[in-house]
Amino acid sequence: YAVYWLLANSLAAMTPFIIGLVLAYLLLPLVNRLSRRMPRPAAILTVYLGGFLLIFLAFAYIVPPVVSQVQELLTNMPSREQLESFGSSLLQQYENQVPAAIKQPIEQGLNSALRTLQTNFATYVQGLTTFLFTQVLQILNTVSFLIGFLIIPFWLFYVLNDEEKGKAFLDRVLHRRIRDDFWNIFGIIDQVFSDYIRGQLLLGLAVGVMVGVGLLILRLLGFDVPYALLLAIVAGITELVPIIGPILGAIPGVLLGFFASQHGWQTGLAVLVLYLVVQQLENNFLVPRIIGESIGLHEAILTVVLIAMGQIFGLLGVVLAAPVAAIARDLFVYIYRRLGGMSAAVAANSIHAEGRAEEQKAQADHMA
């Protein structure tokens, strides 16, 4: 209870360490691989240098043009007069073409929605502003939070360097009757998360590069697509969202192709074809090789889980819906088999064997 009370009351200051644990989880396989060829401290320092080099290159070559394109996009946004003119033309078409019998229920519904929005808008904005202001002050005014970010590189070094000591300590603390089950459950969770998260990051990078290169090729062919780098980054980030992410990432590019380019509908169609080609390459070549069948959930089930997780946990729930659902499935199977009399080793090996068999079958189907 004392430990829980301490962590609950210092949660804001713990944010840097939570970020550090995520970084440790992502960097640990790379450190383990490098440590086979060099001392472990040298492997960690090599990963650090590589990370700082990537950050430097990003700020030197990627961030400035992205900021410039965002500013240009904001500058070229339609003015108030243009929006009013566009709205007036739509309203005129509505008045001339929609029958009176249909207008009445539409207008009643719109009026009711506007009254509700006017009544609640001020309350929503005030509550959101107060919440954001309070949270930002609570975090930024915490000296421990600032100190935490300064010491994260050193703390992360110790975490990466003493992985085996940490495992040995847990092994000594755990009772021998639950030791095997604990490590098997940990292995199931780690297997799904590591395959999925690292695969999604690599997949997002690949899709972003393909979209960026494709937009540059379209520009060389005479289709002037603006904000190519910004659209490539958006496509790569939205790729992290399962199922609907590629669609969300394609919408800005297609809209800009239709409405913000010189050739109008020709450019829009060319951009649409580009995103369709990228999605086909992703689904047929990249996903089977990068992600494989590490999740193994049907799209219909995954869609329901995604909506439910998004409703409860927001954007983070949408991103983690697939691995969480796969972990829940594997843990249920493992516990069911353990209660049925299987030993811990046999139950864990059966799940890993089934996962490998599904992945090999999926790759063979795609090759065929």
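How many cavities of 30 Å³ or more does the count come to? The count comes to one. Keep in mind that this is a predicted model. Besides that cavity, let's look at two pockets, with volumes of about 1600 Å³ and about 980 Å³, and at some spans that UniProt marks along the chain.

**Spans from the UniProt record**

- An unreviewed UniProt entry puts the feature "transmembrane region" at residues 6-30, 42-63, 139-160, 201-221, 227-251, 263-281 and 301-328.
- Take residues 201-221: this span is 95% helix and 0% strand, and its end C-alpha atoms sit 30 Å apart.
- Now try residues 227-251: here the helix share is 72%, again with 0% strand, and the end C-alpha atoms are 14 Å apart.

**The largest pocket**

- This one has a volume of about 1600 Å³, and 36 residues line it.
- If you want to find its centre, look for Leu-23, Gly-51, Leu-54, Ile-55 and Leu-201, the lining residues closest to it.
- Five helices each chip in at least two lining residues: H2 (11-34), H3 (40-75), H6 (143-161), H8 (176-220) and H9 (228-238).
- H3 gives the most, with ten residues.
- As for the kinds of residue, the lining has 28 nonpolar, seven polar and just one charged.

**The second largest pocket**

- Its volume is about 980 Å³, with 32 residues in the lining.
- Nearest its centre you'll find Leu-21, Ala-24, Tyr-25, Leu-26 and Asp-190.
- Two or more lining residues come from each of H2, H6, H7 (163-173), H8 and H13 (315-339).
- H8 supplies the largest share here, twelve residues.
- Sorted by class, this lining has 23 nonpolar, four polar and five charged residues.

**The largest cavity**

- The largest cavity has a volume of about 60 Å³.
- You can pick out its lining in the structure: Val-207, Val-211, Ala-235, Thr-238, Glu-239, Pro-246, Gly-249, Tyr-275, Val-278, Gln-279 and Glu-282.
- H8, H9, H10 (245-259) and H11 (265-290) each bring at least two of the residues around this cavity.
- H11 gives the most, with four.
- The mix is six nonpolar, three polar and two charged residues.

**Helices to keep an eye on**

- H8 turns up in the linings of the largest pocket, the second largest pocket and the largest cavity.
- H2 and H6 give residues to the largest pocket and also to the second largest one.
- H9 helps line the largest pocket and the largest cavity.

Key
Residues are numbered from 1 along each chain as its sequence is written. This is a predicted model: local features need pLDDT of at least 70, side-chain atom pairs count only at pLDDT 80 or more; totals for chains, interfaces and linings use all residues. Side-chain values use heavy atoms; hydrogens and water are left out. UniProt positions are given in the numbering used here, feature names are shortened, and annotations may be inferred rather than shown by experiment. On a 1 Å grid over the protein atoms alone, a cavity is a set of points where a 1.4 Å probe fits but cannot get out, and a pocket is an open set with protein on both sides within 12 Å along at least five of seven lines; lining residues have an atom within 4 Å of a point. Grid points are joined across faces, edges and corners, and a volume is the space filled by probe spheres set on the points. Ala, Val, Leu, Ile, Met, Phe, Trp, Tyr, Cys and Pro count as nonpolar, Asp, Glu, Lys and Arg as charged, and the others, Gly among them, as polar.
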